[in-house]
Amino acid sequence: MTRLPAPLNALPFPVIASPLFIISNPKLVIAQCTSGVVGAMPALNARPAAQLEDWLIEITEALASYNRTHPEQPAAPFAINQIVHKSNDRLAHDMALCVKYKVPIIITSLGAREDINAAAHSYGGVVLHDVINNKHARKAIEKGADGLIAVAAGAGGHAGVKSPFALVQEIRQWFDGPLALSGSIATGGAVLAAQAMGADFAYIGSAFIATVEARAAEAYKQAIVDGNSDDIVYSNLFTGVHGNYLAPSIRAAGLDPAQLPHSDPSAMNFGGDNAKAWKDIWGCGQGIGAVTRVQSAAEFISQLKREYAAARQRLL
């Protein structure tokens, strides 16, 4: 049985919303948490850096208020994503604010650091580190992460190439802590499948882009509604790290999705200058064929819960 530390041991529904660069915002995070899933947001979405404190105040106060009026069904905790990469010159500032406001869950990406993990642990926070292979998973746990997010083939944004079956299987051979699975999950049935494979949680991102609260262009949301897995392109051109993107946005930028050059990984940049690439080139996963309309986050999560219950019933 998986060891789930607080605040992960009492989630109303086994879903963690992935932090969407540029797109996630306090309004979306609050809607996710009050609907029973972990809401998440990259610290770098707050621009300028001083805005992060305002956003953390907004989220913590809104969730505290909700919990006071809904003691029988409190909100799920929220998470802040930290890009642990040398190009992120805001990391120390942003992490200090997470400590100040005791952010329940820290999601780390693109690097595992013992000092970041220790900072979260100083107030009882939990660290989940996203990984694309078993080697990186072991390194993250060795450096003090509490849990893992297995980013399998088909995930939106920076994604790996491993089958979710292989990735979860290899990690579970040695790790019995919190494990979330990312990659093409957009239905309640897929949430149940992730659990059946051995994950504790499903990690859902792209489907939340097509929600009312998401800070994404309407054309971006509609492209997700209209698209399917055939519209997803895997490339390292835009950030130096391979990721999945929507072909229509690549064409709109004057590029041929089928003839993209390769980027030099040493030129990776995840600081402020990188925002334009993500604004113009739309990250997206392969699971969007299940997204058929733009709706509120609460409506989408209710849909997931109905589908999850129906999938469980089919197995009885």
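This briefing covers the overall build, the salt bridges and some backbone details of one protein chain. The model is predicted. The protein chain has 12 helices and 11 strands. Its radius of gyration is 18 Å, close to the 20 Å that the globule rule gives for 316 residues, so the chain is as compact as a globular protein of that length. The structure holds 5 salt bridges, and three of them are described below.

**Overall build**

- The C-alpha atoms of the protein chain fill a box of roughly 50 × 50 × 40 Å, taken along the principal axes.
- Of the 316 residues, 54% count as buried.
- Take the contacts in the chain with a separation of 6 or more: residues 24 or more positions apart account for 65% of them.

**Surface and charge**

- About 13,400 Å² of the protein chain is exposed. Carbon and sulfur atoms supply 53% of that area.
- The chain carries 25 positive and 26 negative charges. The mean positions of these two sets are 2 Å apart.

**Salt bridge between Glu 53 and Lys 100**

- Side chains of opposite charge can pair when their charged atoms come close.
- The side chains of Glu 53 and Lys 100 form a salt bridge, at 2.6 Å from N to O.
- This pair links distant parts of the chain, 47 residues apart. Glu 53 sits in helix α2 (residues 51-69), and Lys 100 sits in helix α3 (residues 91-100).
- Glu 53 has 23% relative accessibility, so it counts as partly exposed.
- Lys 100 has a relative accessible area of 52%. The cut-off for exposed is over 50%, so Lys 100 is exposed.

**Salt bridge between Asp 200 and Arg 172**

- The side chains of Asp 200 and Arg 172 meet in a salt bridge, with 2.8 Å from N to O.
- Asp 200 lies in the loop between α7 (188-197) and β9 (201-204), while Arg 172 lies in helix α6 (residues 164-172), so the pair ties together parts that are 28 residues apart in sequence.
- Asp 200 has 13% relative accessibility. Buried means under 20%, so Asp 200 counts as buried.
- Arg 172 is partly exposed, with a relative accessible area of 23%.

**Salt bridge between Arg 113 and Asp 115**

- Arg 113 and Asp 115 also join their side chains in a salt bridge, at 2.7 Å from N to O.
- Arg 113 counts as partly exposed, at 37% relative accessibility.
- Asp 115 counts as partly exposed too, at 43% relative accessibility.

**Cis peptide bonds**

- A cis peptide bond joins Ala 6 and Pro 7, with omega about 10 degrees. Pro 7 is in the segment before β1 (15-17).
- The peptide bond from Arg 47 to Pro 48 is cis as well, and its omega is near 5 degrees. Pro 48 is in the loop between β2 (39-42) and α2.

**Positive phi angles**

- Ile 22 is not a glycine, yet its phi is positive, near 75 degrees. Ile 22 is found in the loop between β1 and α1 (26-34).
- Ser 184 is not a glycine either, and its phi is positive at about 65 degrees. Ser 184 is placed in the loop between β8 (179-182) and α7.
- At 32% relative accessibility, Ser 184 is partly exposed.

Key. Residues numbered from 1 in each chain as written. Predicted model: local features only at pLDDT ≥ 70, side-chain atom pairs only at ≥ 80, totals over all residues. Heavy atoms only, no water. Salt bridge = Lys/Arg side-chain N within 4 Å of Asp/Glu carboxyl O. Helix = DSSP H or I, 4+ residues; strand = E, 2+ residues; numbered from the N terminus. Buried < 20%, exposed > 50% of the residue type's maximum accessible area, 1.4 Å probe, protein only. Rg over C-alpha atoms; globule rule 2.2 N^0.38 Å. Contact = heavy atoms within 4.5 Å. Areas by Shrake-Rupley, 256 points an atom, 1.4 Å probe, with all protein chains shown as cover. Lys, Arg positive; Asp, Glu negative; His and termini not counted. Charge placed at Lys NZ, Arg CZ, Asp CG, Glu CD.
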